[in-house]
Amino acid sequence: MMLAALGAMVMAASADLITMVLGLEIMSLAVYVLTAWRPGRSRAAQHSQEAGMKYFLLGATGSAVFIYGIALTFGATGTFHYAEIAAAAASPDFSQPLLLGIGGVLLLAGLGFKAAIFPFHQWAADAYTGAPTPVAAFMSVVVKTAAFAALLRIAAEFLPLSSPWLFETFSWLIGITMIVGNFSALAQNGGKRMLAWSSGAPAGYLGLAVLATGGLGSGAAQYYL
């Protein structure tokens with residue numbers, strides 16, 4: 001858990017995309033192991049191992065999408081640093097808006113998986129159910145906090161410049177996340193499955209803060225986290 005928390009802090013404090021992806025992977029690998037960490041041959045242990053494997057496979061896909069987004073962003077701007085990406089995108093001579101827009105979409109999708117935003121939220125129910133209860137509680141707080149800290153940094157620095165329609169799409173996903181999370185939680189029988197689905201609703205609330213302009217949204221999200 002300490003390693004996962006360390007990765008989360010690295011993500012939140014990063015000033016460039018390389019540092020962010022290193023923090024993301026440190027956190028993710030630790031959480032994959034924690035999800036499957038239930039010794040023995042009991043049915044609960046088998047469920048934990050299955051959940052850990054599912055989480056690992058889906059998480060690896062999400063990480064690959066995020067890294068591909070980093071590669072396209074670098075290809076469009078020639079830099080990994082947030083401020084330099086923003087400066088390149090705002091330049092009147094910038095010639096790669098389409099490439100930067102695709103990179104922004106993939107970055108948003110990769111972080112959307114970590115934050116369990118619709119439609120990247122399907123892993124949460126199986127992972128939470130199979131994980132030991134303390135680990136499920138840890139995941140519901142630390143992983144989401146790290147993902148939204150990273151989203152806030154990217155949104156504040158350069159994401160709005162990457163594509164004019166990207167934030168409009170993100171706003172639709174946030175609205176659907178709140179609706180799907182709350183209504184799906186009502187239909188669950190198990191406590192941890194209910195926690196997994198209902199955690200989608202706070203992801204939507206935090207997403208509204210990401211969409212807000214100025215420092216007020218960022219401050220509100222930090223207070224809520």
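Visitor: Which residues are in contact with A116, leaving aside its neighbours within four places in sequence?
Guide: This is a predicted model: local features need pLDDT of at least 70, side-chain atom pairs count only at pLDDT 80 or more, and totals for chains, interfaces and linings use all residues. Residues are numbered from 1 along each chain as its sequence is written, and side-chain values use heavy atoms, with hydrogens and water left out. Contact means heavy atoms within 4.5 Å. With sequence neighbours within four places left aside, the partners of A116 are H121, W123, K144, T177, G200 and A203.

Visitor: Where is A116 found?
Guide: Helices (DSSP runs of H or I, at least four residues) and strands (runs of E, at least two) are numbered from the N terminus. A116 belongs to neither α5 nor α6, but to the loop between α5 and α6.

Visitor: Is A116 buried or exposed?
Guide: Buried means under 20% relative accessible area, exposed over 50%, and partly exposed in between, for a 1.4 Å probe and protein chains only. A116 has a relative accessible area of 5%. So A116 is buried.

Visitor: How many Å separate the C-alpha atoms of A116 and S199?
Guide: Along the chain, A116 and S199 are 83 residues apart. In space, their C-alpha atoms are separated by 8.1 Å.

Visitor: How many cavities of 30 Å³ or more are in the whole structure?
Guide: A cavity is a set of points, on a 1 Å grid over the protein atoms alone, where a 1.4 Å probe fits but cannot get out. Grid points are joined across faces, edges and corners, and a volume is the space filled by probe spheres set on the points. A search of the whole structure for cavities of 30 Å³ or more finds two.

Visitor: Which residues are closest to the centre of the largest cavity?
Guide: The largest cavity holds about 90 Å³ of space. Its lining has 14 residues, where lining residues have an atom within 4 Å of a point. Closest to the centre are A116, H121, A196, W197 and G200.

Visitor: Which element gives the largest share of that lining?
Guide: In the largest cavity, α6 (123-130), α9 (166-186) and α10 (191-198) each give two or more residues to the lining. The largest share is three residues, and these come from α9.

Visitor: How many charged residues line the largest cavity?
Guide: Ala, Val, Leu, Ile, Met, Phe, Trp, Tyr, Cys and Pro count as nonpolar, Asp, Glu, Lys and Arg as charged, and the others, Gly among them, as polar. The lining of the largest cavity has eight nonpolar and six polar residues. The charged count is no residues.

Visitor: Which residues line the second largest cavity?
Guide: This cavity has a volume of about 30 Å³. Helix α5 (97-115) and α9 each supply at least two of its lining residues. By class, the lining has six nonpolar, one polar and no charged residues. The names are L108, G112, I117, F120, L151, F170 and L173.

Visitor: Why does α10 count as roughly parallel to α11?
Guide: Axes are lines fitted to C-alpha atoms over the stretch in contact, and angles run from 0 to 180 degrees between N-to-C directions. Angles under 35 degrees count as roughly parallel. The axes of α10 and α11 (residues 200-211) are 4 Å apart, and the packing angle is about 15°. That angle makes α10, relative to α11, roughly parallel.

Visitor: Which residues of α11 meet α10?
Guide: The contact of the two helices has four nonpolar, two polar and no charged residues. From α10 come A196, W197 and S198. From α11 come G200, A201 and P202.

Visitor: Which residues does F66 touch, not counting those up to four places away in sequence?
Guide: F66 sits in helix α3. At 0% relative accessibility, F66 counts as buried. Its partners are M20, V21, L24, L106, L107, G110 and L111.

Visitor: What is the relative accessibility of T73?
Guide: T73 has its place in helix α3 (residues 43-77). Beyond four places in sequence, T73 touches residues including L17, I85 and L107. T73 counts as buried because its relative accessibility is 0%.

Visitor: How many Å lie between the C-alpha atoms of A147 and L111?
Guide: A147 is in helix α7 (residues 133-157). A147 is buried, with a relative accessible area of 0%. L111 is 36 residues away along the chain, and the C-alpha atoms are separated by 6.0 Å.

Visitor: What percentage of the residues in the protein is buried?
Guide: The protein has twelve helices and zero strands. Its residues number 225, and the buried share is 48%.

Definitions and conventions: 1 Å grid on protein atoms, 1.4 Å probe; cavity = no way out; pocket = protein on both sides within 12 Å on 5 of 7 lines; lining within 4 Å. Parallel < 35°, antiparallel > 145°, perpendicular 65-115°, else oblique.
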